[in-house]
Amino acid sequence: MNRTFHRQLAVELLVISGIGYAIFRPISFAARWLSESSPIPFPLAIALAIVVAGLPLALMIGFMINGFSWTGPMLQDGFALLYIQVVAIGVGISC
């Protein structure tokens, strides 16, 4: 397994979870503001925010998993699956 850093897996998961929470939690506040200040309903606003916020987070996680290299498998063939997983976790955090 290609590891992010030379740390234990639990520490790596904690770091990645912390980054995800730091990005996705404020998104729910932005989605609520968007739904209150526009005719967009809240479920659509939160879905849009999660899809948009998931892209940079998936890129960061893929970059870290690849050992800080842009040419590894997580940013090429495995990126679609990584993005879907990040968005699914974002739904859990934001809802």
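In the predicted model, the chain exposes about 5,900 Å² of surface, and 74% of that area is supplied by carbon and sulfur atoms. Of the 95 residues in the chain, 34% are buried. Along the principal axes, the C-alpha atoms fill a box of roughly 45 × 25 × 15 Å. The chain contains 3 helices and 0 strands, so its elements, read from the N terminus, follow the order α-α-α. Among contacts with a separation of 6 or more, 54% join residues that are 24 or more positions apart.

Helix α1 spans residues 9–37. Leu13 belongs to this helix and has a relative accessibility of 49%; because this value lies below the limit of over 50% for exposed residues, Leu13 counts as partly exposed. Ser35 is also part of α1. Leu13 and Ser35 are 22 residues apart along the chain, and their C-alpha atoms are separated by 32 Å. Ser35 has a relative accessibility of 16% and therefore counts as buried, the cut-off being under 20%. Leaving aside residues up to four places away in sequence, Ser35 touches Ile40, Pro41, Phe42 and Ala45.

A further serine of α1 is Ser28. Its relative accessibility is 8%, so Ser28 counts as buried. With residues up to four places away in sequence again left out, Ser28 is in contact with Phe42, Ile46 and Ser94. Phe42 appears among the contacts of Ser35 and also among those of Ser28.

Helix α2 covers residues 42–65 and helix α3 covers residues 79–94. The two helices pack with their axes 8 Å apart, at an angle of about 130°. This angle makes α2 oblique to α3, because only values over 145 degrees count as roughly antiparallel. The crossing of α2 and α3 is right-handed. On the α2 side, the contact is made by Ile46, Ile50, Val51, Gly54, Leu55, Leu57, Ala58, Leu59, Ile61 and Gly62. On the α3 side, the contributing residues are Phe79, Leu82, Tyr83, Val86, Val87, Gly90, Val91 and Ser94. By type, the residues of this contact comprise 14 nonpolar and 4 polar ones, with no charged residue. Ile46 and Ser94, which take part in the contact of α2 with α3, are also touched by Ser28 of α1.

Gly90 lies in α3 and is one of the residues that meet α2. At 0% relative accessibility, Gly90 counts as buried. Beyond residues up to four places away in sequence, Gly90 touches Phe24 and Ile50. Ile50 is itself one of the α2 residues in the contact with α3. Leu55, another α2 residue of that contact, is 35 residues from Gly90 in sequence, and the C-alpha atoms of the two are 11 Å apart in space.

Phe63 is placed in helix α2. Not counting residues up to four places away in sequence, Phe63 touches Phe68, Ser69, Trp70 and Leu75. Of these, Leu75 lies 12 residues from Phe63 in sequence, with a C-alpha to C-alpha distance of 7.0 Å.

How values were computed. Residues are numbered from 1 along each chain as its sequence is written. This is a predicted model: local features need pLDDT of at least 70, side-chain atom pairs count only at pLDDT 80 or more; totals for chains, interfaces and linings use all residues. Side-chain values use heavy atoms; hydrogens and water are left out. Helices (H or I, at least four residues) and strands (E, at least two) are DSSP runs, numbered from the N terminus. Buried means under 20% relative accessible area, exposed over 50%, partly exposed in between (1.4 Å probe, protein chains only). Contact means heavy atoms within 4.5 Å. Axes are lines fitted to C-alpha atoms, for helices over the stretch in contact, and angles run from 0 to 180 degrees between N-to-C directions. Angles under 35 degrees count as roughly parallel, over 145 as roughly antiparallel, 65 to 115 as roughly perpendicular and the rest as oblique. A crossing is left-handed if the near helix is turned anticlockwise from the far one by less than a right angle, and right-handed if clockwise. Ala, Val, Leu, Ile, Met, Phe, Trp, Tyr, Cys and Pro count as nonpolar, Asp, Glu, Lys and Arg as charged, and the others, Gly among them, as polar. Accessible areas come from the Shrake-Rupley method with a 1.4 Å probe; for residues, only the protein chains shown count as cover.
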